[in-house]
Amino acid sequence: MSTTGLTQSQIDIREGVQKICAQFPDEYWAEKDSKGEYAGDLHPELAKAGYIGICMPQEYGGADLGISEAAIMMATIAESGAGIAGCQTVHANVYATIPLLKFCTRSQQARFLPPLISGEERTCFGVTEPDSGLDTLRLSTRAERVGAVYRVSGQKIWITNAQASSRMVLLARTSPLDSQAQSDSKSSSKGLTLLYADIARGKREGSVEVRPIEKMGGRSVDANQVFFDNFEVPVSDRVGDEGDGFKIILHGMKYVPSLPSSYHIHPLTQIQNSAERILLSAESLGLGYAALKRASSYASTRVVFGRPIGQNQGIQHPLARSWCELEAARALVLGVARRFDELVGVTSSSSSPSVQTKRKPTKEELIELGASCNAAKYVAAEAAFRACEQAVMTLGGMGYAKEYHVERYLRESFVPRIAPVSREMILNFIGQKVLGCTYYRIS
Ligand SMILES: Cc1cc2nc3c(=O)[nH]c(=O)nc-3n(C[C@H](O)[C@H](O)[C@H](O)COP(=O)(O)OP(=O)(O)OC[C@H]3O[C@@H](n4cnc5c(N)ncnc54)[C@H](O)[C@@H]3O)c2cc1C
């Protein structure tokens with residue numbers, strides 16, 4: 001990936017992260033993937049060098065930079081050969097800290113943030129449930145308040161890193177989703193509460209059970225079913241007010257559209273955290289460029305019919321098209337990240353070179369930002385997928401062999417198309433919020 005348009009400090013970040021990632025070449029990730037072994041070595045190295053707290057305030061050990069810099073870091077990690085799996089070993093620790101920073105009290109921040117930034121603790125992000133899927137407002141994991149604790153019972157699914165994490169940013173229901181609430185967007189979104197749960201204790205005590213899911217790619221990082229059985233979370237570990245959990249995870253979007261009560265908040269508003277969208281877009285870019293590099297290098301050296309296959313335009317053009325698509329996505333992702341830093345920012349004092357002013361953004365600006373974050377995620381994920389697919393085809397039979405890594409990249413390129421929000425839901429969002437197609441109405 002080129003450094004065109006990056007500031008000197010962003011180039012420095014890229015070079016610093018490249019140096020760390022050089023300790024973990026493609027072979028490291030391929031071996032971990034093949035054995036299904038957790039690749040936990042990158043996270044402590046990044047933490048030691050101060051990169052996990054890239055967006056966090058300096059007073060807690062962070063670097064106080066913006067999401068632009070975090071995006072460059074994540075793209076660089078993916079491009080090193082670590083791919084999406086490598087990024088997944090760290091990325092919740094970068095974006096899931098944002099709600100903690102924005103909504104925790106200062107004493108909670110002082111408890112929660114330093115161990116995450118130093119790498120002493122790791123967190124995962126627990127939203128998805130088997131029965132509600134993308135329709136987050138229907139989630140049913142209960143957190144019942146009993147005195148000074150919440151008792152959590154229920155199930156999450158697809159929770160990345162739950163084995164290695166000691167904490168979970170956990171969205172649970174504190175008031176039941178009754179039939180009236182189902183038709184009232186305000187009531188259904190009000191019933192959810194965000195907890196910063198000490199799952200390490202739950203795992204030790206037996207009230208939290210984590211079961212890995214066998215999956216297609218990214219086998220060097222776990223994704224899990226997580227079961228809670230009367231798991232106690234102190235009220236002092238609640239993030240923000242009871243009932244505000246949904247608003248908090250939407251915070252990156254900074255608005256929940258005010259709809260007439262006859263309208264249901266369609267799953268399209270389950271647009272968790274635009275900071276996460278930006279990071280996933282950047283990871284997709286890194287993966288796409290890594291695939292393209294392998295493919296073009298193979299095309300230049302593989303000789304068939306007496307000449308390098310890359311001399312055939314049938315091989316050249318799809319690779320060139322992928323480069324154009326990745327470049328377009330790169331411009332969009334970096335532009336959106338800069339806009340996020342200007343309008344929303346992670347910390348109020350952020351020293352990100354892209355942060356110019358701090359004024360209250362208008363609702364229209366935030367809606368545009370939300371749409372752009374989603375567009376960036378869509379475009380980057382699709383560009384990365386096509387680059388990986390083309391890389392496999394360029395290598396022919398060897399594209400299918402593990403030795404050349406592109407099959408691993410292709411398997412991982414599905415993840416940003418599905419999570420944290422699928423491409424269909426992004427298109428729903430654009431169709432309805434940008435193009436003005438009608439809201440979905442419950443019959
Ligand atoms: C590798 C991996 C890691 C993950 N890590 C995490 C994590 O750490 N934490 C976490 O909380 N979650 C995580 N997820 C979950 C992820 O966010 C969800 O898989 C994703 O949000 C999709 O939800 P679902 O799988 O339940 O799909 P469903 O909601 O069941 O949807 C299935 C399909 O139907 C489509 N669909 C549904 N409704 C509509 C509609 N109205 N219009 C058009 N199409 C529609 C969807 O686009 C999708 O293609 C992860 C998933 C994967 C695969």
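## Exercises on a predicted fold

Thr7 has its place in the segment before α1, in a model that is predicted. Decide whether Thr7 is buried, partly exposed or exposed, and state how far Thr7 lies from Glu69, C-alpha to C-alpha.

*Solution.* Begin with the neighbour count: 15 other C-beta atoms lie within 10 Å of Thr7. A residue is called buried at 20 or more such atoms and exposed at 12 or fewer, so Thr7, with 15, is partly exposed. Then turn to the distance: although Thr7 and Glu69 are 62 residues apart along the chain, their C-alpha atoms are separated by 9.8 Å.

**Exercise on a helix pair**

Describe how helix α1 (residues 8-21) and helix α4 (residues 67-88) cross, and say which residues make the contact.

*Solution.* Two packed helices are described by the angle between their axes together with the distance between those axes. Here the axes of α1 and α4 come within 9 Å of each other and cross at roughly 35 degrees, and the crossing of α1 past α4 is right-handed. The next step is to list the participants: α1 supplies Gln10, Ile13, Arg14, Val17, Gln18 and Cys21, while α4 supplies Ser68, Glu69, Ile72, Met73, Thr76, Ile77, Ser80 and Ala82. Sorted by character, the residues of this contact are seven nonpolar, five polar and two charged.

**Exercise on a second helix pair**

Repeat the analysis for helix α14 (residues 363-394) and α17, and find the handedness of their crossing.

*Solution.* The axes of α14 and α17 lie 10 Å apart, and the two helices pack at an angle of about 145 degrees. Their crossing is left-handed. On the side of α14 the contact involves Ile367, Ala371, Asn374, Ala375, Lys377, Tyr378 and Ala381, and on the side of α17 it involves Arg423, Ile426, Phe429, Ile430, Lys433 and Val434. The residues of this contact divide into nine nonpolar, one polar and three charged.

**Exercise on a helix residue**

Explain why Ile117 counts as buried, and list residues that Ile117 touches beyond four places away in sequence.

*Solution.* Ile117 belongs to helix α7 (residues 106-118). Because 24 C-beta neighbours lie inside 10 Å of Ile117, the residue counts as buried. Setting aside residues up to four places away in sequence, Ile117 touches Ile52, Gly53, Met56, Tyr60, Gly61 and Gly62. For one of these, Gly61, the C-alpha separation from Ile117 is 6.5 Å, although the two residues are 56 apart in sequence.

**Exercise on a strand**

Work out which strands pair with β5 (residues 192-198), and explain why β5 is largely enclosed by the rest of the structure.

*Solution.* Take the pairing with strand β4 (residues 167-173), which is antiparallel and extends over seven bridges; in this pairing Arg173 stands opposite Leu192 of β5. Then take strand β8 (residues 238-239), which is joined to β5 by two bridges and also runs antiparallel to it, with Val239 of β8 as the bridge partner of Leu194. The enclosure follows from a count along the strand: six of the seven residues of β5 are buried, so β5 is largely enclosed by the rest of the structure.

**Exercise on backbone geometry**

Find the loops that hold Asp64 and Asn161, give the phi value of each, and identify which peptide bond, from Ala419 to Pro420, is cis or trans.

*Solution.* Asp64 lies in the loop between α3 (42-48) and α4, and its phi is positive, at about 60 degrees, although Asp64 is not a glycine. Asp64 counts as buried because 20 C-beta neighbours lie inside 10 Å. Asn161, in the loop between β3 and β4, likewise has a positive phi, near 70 degrees, and it counts as buried because it has 24 C-beta neighbours inside 10 Å. The peptide bond from Ala419 to Pro420 is cis, with omega near -5 degrees, and Pro420 is found in the loop between α16 and α17.

**Exercise on the ligand shell**

Name the residues that come nearest to the ligand, and say how the shell divides by character.

*Solution.* Among the 22 residues around the ligand, Thr128, Gly133, Trp158, Ser422 and Glu424 come nearest. Two or more residues of the shell are given by each of β1 (123-126), β3 (149-160), α16 (415-418) and α17 (423-434). By character, the shell consists of 14 nonpolar residues, seven polar and one charged.

Definitions and conventions: Residues are numbered from 1 along each chain as its sequence is written. This is a predicted model: local features need pLDDT of at least 70, side-chain atom pairs count only at pLDDT 80 or more; totals for chains, interfaces and linings use all residues. A residue is near a molecule or strand if its C-beta atom, placed from the backbone, lies within 6 Å of it. Helices (H or I, at least four residues) and strands (E, at least two) are DSSP runs, numbered from the N terminus. Ala, Val, Leu, Ile, Met, Phe, Trp, Tyr, Cys and Pro count as nonpolar, Asp, Glu, Lys and Arg as charged, and the others, Gly among them, as polar. Axes are lines fitted to C-alpha atoms, for helices over the stretch in contact, and angles run from 0 to 180 degrees between N-to-C directions. A crossing is left-handed if the near helix is turned anticlockwise from the far one by less than a right angle, and right-handed if clockwise. Two residues are in contact if their C-beta atoms, placed from the backbone, lie within 7 Å. Two strands pair if DSSP finds at least two bridges between them.
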